[in-house]
Amino acid sequence: MADRKQIVLPTISSLTYVPTGLKYLTLPEGILELIEVVCLVVAFVCVTAAPNKAVDESSYWHYQAATMGFCLVTCLIMAGYMTGLIHKIKIPWSVLEIVYCAVAGLLLLTTGAHIAANVHGNAVLIVATVFGFIAAAAYVVQIFFAIRAWKRSIIAATLKMVEAERAQHAGTSDNSV
């Protein structure tokens, strides 16, 4: 009788574990979200406080709305991860984060480019544009981590199916012996 080698699969919890509390902020995802929030707040404050900007220019309002809106949503996502609420609501968070980060990065790039075109030597607006572009780059980098988390969730779901099949198979083989 030939010996069968057992395939050792990683545990499901090792694939899907994300620490909660302040420990989440030490992960690359948490650090990126902190960078995004800080850059968005700086960009918002700079555009709001910029002197000598055209009052009738709508690009400033759009940029302010984008920076504060994405800052608030990112803070809510961080709070969800830190409290563990994300894990209690069973929806594909990784896919939602991919879409959110793509939209945030694209909108910050387009509104930031519009601000950059209307800087006219105003140093405060230049600072706002640079911080907005840094935040957009952080969102694009965060897409990589969200895709990685999405792949891990697919692997974890597959492992659950394999474990269930093994348990079922083990139950039928015990009965036949």
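This report describes the helices, buried residues, aromatic rings, cysteines and surface patch of a predicted model.

## Overall architecture

The secondary structure of this protein consists of six helices and zero strands. Read from the N terminus, the order of elements is therefore α-α-α-α-α-α. The protein has 177 residues, of which 34% count as buried.

## Helix α2

Helix α2 covers residues 28-49. It contains 22 residues and spans 31 Å from its first C-alpha to its last, close to the 32 Å expected at 1.5 Å a residue.

Which residues of α2 are buried? The list includes Leu-32, Val-37, Leu-40 and Val-47. Charged residues also appear in it, among them Glu-29, Glu-33 and Glu-36. A general property of helices is useful when reading such a list: an α-helix has 3.6 residues a turn, so residues three or four places apart point the same way.

Pro-28, which also lies in α2, is partly exposed, with a relative accessible area of 39%. In sequence, Pro-28 and Phe-145 are 117 residues apart, yet their C-alpha atoms are 8.3 Å apart in space.

## Helix α3 and its contact with α5

Helix α3 comprises residues 58-83, and His-62 belongs to it. The relative accessible area of His-62 is 39%, so this residue is classed as partly exposed. His-62 and Thr-111 are separated by 49 residues in sequence and by 6.8 Å in space, C-alpha to C-alpha. Helix α5 covers residues 93-117.

## Aromatic rings

How many aromatic pairs does the structure hold? There are five aromatic pairs. One of the pairs is formed by Phe-70 and Tyr-100, with 5.9 Å from centre to centre and 65° between the planes, an edge-to-face arrangement. This pair links distant parts of the chain, since Phe-70 is in helix α3 and Tyr-100 is in helix α5, 30 residues apart.

Are Phe-70 and Tyr-100 buried or exposed? Both residues are buried. Together with Tyr-139, they form one aromatic cluster.

## Cysteines

A disulfide is a covalent bond between the sulfur atoms of two cysteines. In this model the count is zero disulfides. Why does Cys-71 form no such bond? The closest cysteine sulfur to that of Cys-71 is in Cys-75, at 4.4 Å, which is too far for a bond; the cut-off applied is 2.5 Å.

Cys-71 has a relative accessibility of 5% and therefore counts as buried. Cys-46, one of the residues of α2, has a relative accessibility of 14% and is likewise buried. Both values fall under the 20% cut-off for a buried residue.

## A nonpolar surface patch

Where on the protein is there a nonpolar surface patch? Val-95, Val-99, Val-103, Ile-147, Trp-150 and Ile-154 make a patch of about 470 Å². Two helices, α5 (93-117) and α6 (123-176), each supply at least two residues of this patch.

Trp-150 lies in helix α6. With a relative accessible area of 37%, Trp-150 is partly exposed, because this value lies between the cut-offs of 20% and 50%.

Note on methods. Residues numbered from 1 in each chain as written. Predicted model: local features only at pLDDT ≥ 70, side-chain atom pairs only at ≥ 80, totals over all residues. Heavy atoms only, no water. Buried < 20%, exposed > 50% of the residue type's maximum accessible area, 1.4 Å probe, protein only. Helix = DSSP H or I, 4+ residues; strand = E, 2+ residues; numbered from the N terminus. Expected span 1.5 Å × (residues − 1). Patch = residues over 30% accessible without salt bridge, like charges linked within 9 Å, V, L, I, M, F, W, Y side chains within 5 Å. Areas by Shrake-Rupley, 256 points an atom, 1.4 Å probe, with all protein chains shown as cover. Salt bridge = Lys/Arg side-chain N within 4 Å of Asp/Glu carboxyl O. Phe/Tyr/Trp six-rings, centres within 6.5 Å; stacked < 30°, edge-to-face > 60°.
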